[in-house]
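Me: I'm new to this structure and would love a close look at one part of it. Could you take me through a single helix and the things it packs against?

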Amino acid sequence: MHQLILMRHAKAERARDDESDHARALSPSGRAAAIRMRTSLKALGIEPDVVLVSSARRTRETLDCIAFWDDQPNIDVLDALYMAPASRLLEILAALRETVRSVMVIGHNPGLHDLALQLAAGAAQPGPAHLLLDRSFPTARMAEFLVLTPWRELCAPRSRLQRIVDPPPEA
């Protein structure tokens, strides 16, 4: 069994005319949400072996905000994750070594949401997490899946949506 954690980057600054979308930084509220998310991830014991992160600035900054791990995971910054569709995300995950027990992907919509919906579609009895997932995949959201197959066979019937976690509200 494997653990797959899909996380959308935190809220980014609006695009400026003089910078590329790829270079957009986190907004102050996005940074604060990601830091609050770190507390939730830590409380849940989410400690991936590998983190695959888009090369976009906002995804890398999200990773910087949420990282708390005592045992540093292997971190791969991948250009291929930038705005990747679900099909490309599946290809990347299928190439993981079987020794990788847990992987976190920090990426972008709509690909991340599409992949989460695709993997959750095989549930015999959809639960509350499925309802949240059906509505949207907002910034800084995490979806955790239990994967019952080798990575190369990742698909809906053999994955289970465990939970959806959003940043806690500001205190």
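Reply: Happy to; here is a walk around helix α5 and its partner, helix α4. Please keep in mind that this is a predicted model, in which local features need pLDDT of at least 70 and side-chain atom pairs count only at pLDDT 80 or more, while totals for chains, interfaces and linings use all residues. Residues are numbered from 1 along each chain as its sequence is written, and side-chain values use heavy atoms, with hydrogens and water left out.

Let's begin with the two helices themselves. Helix α4 covers residues 111-120 and helix α5 covers residues 128-135. Such names come from DSSP runs, numbered from the N terminus: helices are H or I with at least four residues, and strands are E with at least two.

Now for the inner side of α5. Its buried residues are Ala 129, His 130 and Leu 133, where buried means under 20% relative accessible area, exposed over 50%, and partly exposed in between (1.4 Å probe, protein chains only). These three lie on the same side of α5, because they cover an arc of only 100 degrees around the axis; the arc is that of the directions from the helix axis to the C-beta atoms. A general point helps here: an α-helix has 3.6 residues a turn, so residues three or four places apart point the same way.

What do the buried residues of α5 pack against? They pack against α4 and also β6 (159-165). The face of α5 turned away from that buried side carries the exposed residues Pro 128, Leu 131, Asp 134 and Arg 135.

Next, the meeting of the two helices. From α4 come His 113, Ala 116, Leu 117 and Ala 120, and from α5 come His 130, Leu 133 and Asp 134; contact means heavy atoms within 4.5 Å. By class, this contact of α4 with α5 has 4 nonpolar, 2 polar and 1 charged residues. In that scheme, Ala, Val, Leu, Ile, Met, Phe, Trp, Tyr, Cys and Pro count as nonpolar, Asp, Glu, Lys and Arg as charged, and the others, Gly among them, as polar. Two of the α5 residues just named, His 130 and Leu 133, also belong to its buried set.

Finally, the geometry. α4 and α5 pack at an angle of about 145 degrees, and their axes are 10 Å apart. Axes are lines fitted to C-alpha atoms, for helices over the stretch in contact, and angles run from 0 to 180 degrees between N-to-C directions. The crossing is left-handed, a term used if the near helix is turned anticlockwise from the far one by less than a right angle, with right-handed if clockwise.
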